[in-house]
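User: Hi! Could you walk me through the salt bridges, disulfides and nonpolar regions of this protein, one question at a time?

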Amino acid sequence: MARISFLIAITALMISWNAASAYAAGDADGDRERYLNELILQARTQGLAEKRNWHLLVHYKKTLFGTYESQEDGLDFFNSPTGKTNPEEELIATLKNFFTPPETLKPGQEHPQCNFPARYKWLKRQLAFDPARLPEQQCERLEGWLKDLNPEKVTVIFASSYMNNPASMFGHTFLRIDKKRQGSEQKLLDYGVSYAATADTDNPLFYIVKGLFGGFKGAFSLVPYYVKVQEYNNLENRDLWEYELNLNDDQINYMLLHLWELGGNYFDYYYFQENCSYHILSLLEVADPDIHLTDQFIFQVIPADTIKALTRNSGLISKEVYRPSLLSQLNNKRVRMSESENKIFYRLVKNPSATEEADYQNLTLPEKALVLDAYLDYAQYRSMQKEKTATVIDPTTRRMLLVRSQLNYRNDESPQVIQFSTPPELGHGSARAGIGYGRNGNEFFEEISIRPAYHDLLANDTGYRKDSQILFFDLTARRYNESEKTKIDSLKLIDIVSLTPYDPLFNKLSWKLNVGVDTPKDLDCGYCNSFKGNYGLGMSYQPRFFSPFIFYSMVDLEMELSHDLDRWYRAGGGGTFGALIDLTHDWRIQITGDYLSFPLGQESHYYKASAVQRYSISQNADIRAGWNVINSRQEWSAGINYYF
């Protein structure tokens, strides 16, 4: 009996203990629920879901219908199933997840406070979280990552264009996280933050189509800055422009917390809109919500234009640094050489044993050092262009390094650095609209033109790659007064010209490619249109670096399709000769002559001569006038263009 009484007492005690525990757990759950509801009510009262900061953190943009939609496309980025399109539901779900008991997480699973540290930081400030009722979680991985970055500054990097790589035509921007307590020479050890498409095809056509229509996933990556310098500065010979930003410690920390949130997620990548530069700007807006950067771009985001957007914010950029490419460093030395030193340098390139010749031996010590330093730059350039970088220095270069070291000479005076590219913020806007007036052989006409991108040969090339042309969707329409016709004069879907002056060291060819709709003005077809493709390959000549003259000639292949042609097409080839002349910094003239013969399809031929001049009246405006003759038909026109 006593034993039974003892068991009953023990059972009652366990029941009461479990009840107390359940009550305590239930009370804790109830307290969390009550505090969550208090925070939700407070957030609604303050209208946090409508705040710009919240929209920036979740990348909401207003749609044409007045609703909101996040540009983020990774589902793990949202706490609510409707979070992509409902800012308030996403905010409530985020608050709720911050209360997740750590003991309910799966092994290796991060707490929501650690997955969304920027949101937590902002909401904590707005709602003054009570740590007793919403305990702050330890985020060891995040803390380790921030400790490793040890940020002091953030720098935006602009890589200039590289014409032999179509994917780089518009340049590229990325960030550098500058560590504390480092000298300027240690920047190479910092980390670069890049946003890029994850391309899953090598097919050029698929690459273009998927890039235009969001077929790739875009994601952020963190790589050592020296890797980016090796890629852009040394392998692709692109000058880098570095823009150190004036952000304080809290802004930098906030931006990095948001970068952490974006890790593992993705945006659909659009070549002209949500590209590398756009989402770099969105990161900077999170750091400082008072600056408006992405709102300035509607149709296209060109990297150079994003640098202009940054420079327009007074006080945002604290320092600008030019980092020349390996090729620019070599050309800097060549510019400083006399004509006789250049000849000796070329002889060294062909025959390194020319160091034994009298011409080299008669040079002064500084002159020998300059020639040998240029040679070693050239040797490094050649090594970089090989498919596989040599693991050891080749015997010839090693010998020249030995000759250079034996000079025992060091120039302590830093030579003036000549910039072979110009800062992108000084260039004209990448979009252009224009109006004009003119007369062909028969009648007067007015014309309008518009294009979203990018730069033509005649335009002022400050901020752009010199002597190059890249046009997309360049449309010109005319109204002919006497015949009362309104016609498309030309639509350049893509038009690329790359003039690379002949250089005995590199032997690069010049080339051009254009595809679009044109008006065949050698035909009597009533301003009919044809679909035309043209490809040209040739050479250019410039007497010296920075000469105001450049001459070029190319062999052309051309094909036109039109129902106004016999058998609907004509195909053939010919040649182009031309010259670009810079009379002043603002005044450029282009003179060209073409001859094309079409033995296939509609047999025909024509010659064309033209002279066009451009005068820049400001960074974003120029006036042009031109004359041309096609066979015996003359035409002249004049107009004004505005860049934006």
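**Bridges, cores and backbone**

User: Happy to start with a salt bridge. How far apart are the closest N and O atoms of arginine 432 and aspartate 456?

Analyst: Keep in mind that this is a predicted model. Arginine 432 and aspartate 456 form a salt bridge, and it links distant parts of the chain, 24 residues apart. Arginine 432 sits in strand E10 (residues 432-439), while aspartate 456 is in the loop between strand E12 (453-455) and strand E13 (468-480). The closest N and O atoms are separated by 3.5 Å.

User: Are arginine 432 and aspartate 456 buried or exposed?

Analyst: A residue counts as buried when its relative accessible area is under 20%. Arginine 432 and aspartate 456 are both on that side of the cut-off, so the answer is buried.

User: Which residues are linked in a network of salt bridges with Arg432?

Analyst: The salt bridge between arginine 432 and aspartate 456 belongs to a network of salt bridges. Besides Arg432, the linked residues are Arg451, Asp456, Asp474, Asp622 and Arg624.

User: How many salt bridges does a search of the whole structure find?

Analyst: Arginine 44 with glutamate 88 is one example, the closest N and O atoms being 3.2 Å apart. That pair joins helix H1 (residues 2-46) to helix H3 (residues 87-98), with the two positions 44 residues apart in sequence. Searching the whole structure gives a total of 48.

User: Which residue of the salt bridge between lysine 521 and aspartate 489 counts as buried?

Analyst: The closest N and O atoms of this pair are 3.1 Å apart. Lysine 521 lies in the loop between strand E15 (510-518) and strand E16 (530-541) and aspartate 489 in strand E14 (residues 485-498), so the bridge ties together parts 32 residues apart in sequence. Lysine 521 has a relative accessible area of 23%, which makes it partly exposed. At 9% relative accessibility, the buried residue is aspartate 489.

User: On to the cysteines. Where is cysteine 139, which forms a disulfide with cysteine 114?

Analyst: The sulfur atoms of cysteine 114 and cysteine 139 are 2.0 Å apart, and the torsion of -80 degrees about the S-S bond makes the link left-handed. Both ends are buried, cysteine 114 at 2% relative accessibility and cysteine 139 at 8%. Cysteine 114 is in helix H4 (residues 112-115), and 25 residues separate the partners. Cysteine 139 lies in the loop between helix H5 (117-127) and helix H6 (140-149).

User: What is the torsion about the S-S bond of cysteine 525 and cysteine 528?

Analyst: A disulfide joins these two cysteines, with an S to S distance of 2.0 Å, and cysteine 528 is buried at 5% relative accessibility. Taking the bonded cysteines in sequence order, the pairing in the protein is 1-2, 3-4. The disulfide of cysteine 525 and cysteine 528 is left-handed because its S-S torsion is about -70 degrees.

User: Which residues is phenylalanine 129 in contact with, leaving aside its neighbours within four places in sequence?

Analyst: Phenylalanine 129 is among the residues with the most contacts inside the largest nonpolar core, which has 74 residues. Another core lies apart from that one, with 25 residues, including Leu370 and Met400. Leaving aside the near neighbours in sequence, the contacts of phenylalanine 129 are Tyr35, Leu39, Leu95, Phe98, Tyr120, Leu123, Lys124 and Leu134.

User: What is the area of the nonpolar surface patch that includes Ile435?

Analyst: Isoleucine 435 is in strand E10 and counts as exposed at 55% relative accessibility. Its partners in the patch include Trp587, Tyr615 and Ile640. The patch has an area of about 720 Å².

User: Last one on the backbone: what is the omega of the cis peptide bond that joins alanine 453 and tyrosine 454?

Analyst: Tyrosine 454 lies in strand E12. The peptide bond joining alanine 453 to tyrosine 454 is cis, with omega of about 25 degrees.

User: And what is the phi of tryptophan 568?

Analyst: Tryptophan 568 lies in the loop between strand E17 (549-561) and strand E18 (569-582), and it is exposed with a relative accessible area of 58%. Its phi is positive although the residue is not a glycine, with a value near 70 degrees.

Notes:
Residues are numbered from 1 along each chain as its sequence is written. This is a predicted model: local features need pLDDT of at least 70, side-chain atom pairs count only at pLDDT 80 or more; totals for chains, interfaces and linings use all residues. Side-chain values use heavy atoms; hydrogens and water are left out. A salt bridge is a side-chain nitrogen of Lys or Arg within 4 Å of a carboxyl oxygen of Asp or Glu. Helices (H or I, at least four residues) and strands (E, at least two) are DSSP runs, numbered from the N terminus. Buried means under 20% relative accessible area, exposed over 50%, partly exposed in between (1.4 Å probe, protein chains only). A disulfide is a pair of cysteine sulfur atoms within 2.5 Å. A nonpolar core is a set of buried Ala, Val, Leu, Ile, Met, Phe, Trp, Tyr and Cys residues joined through side-chain atoms within 4.5 Å. Contact means heavy atoms within 4.5 Å. Patches are made of residues with over 30% relative accessible area and no salt bridge: like charges are joined within 9 Å, nonpolar side chains (Val, Leu, Ile, Met, Phe, Trp, Tyr) within 5 Å. Accessible areas come from the Shrake-Rupley method with a 1.4 Å probe; for residues, only the protein chains shown count as cover.
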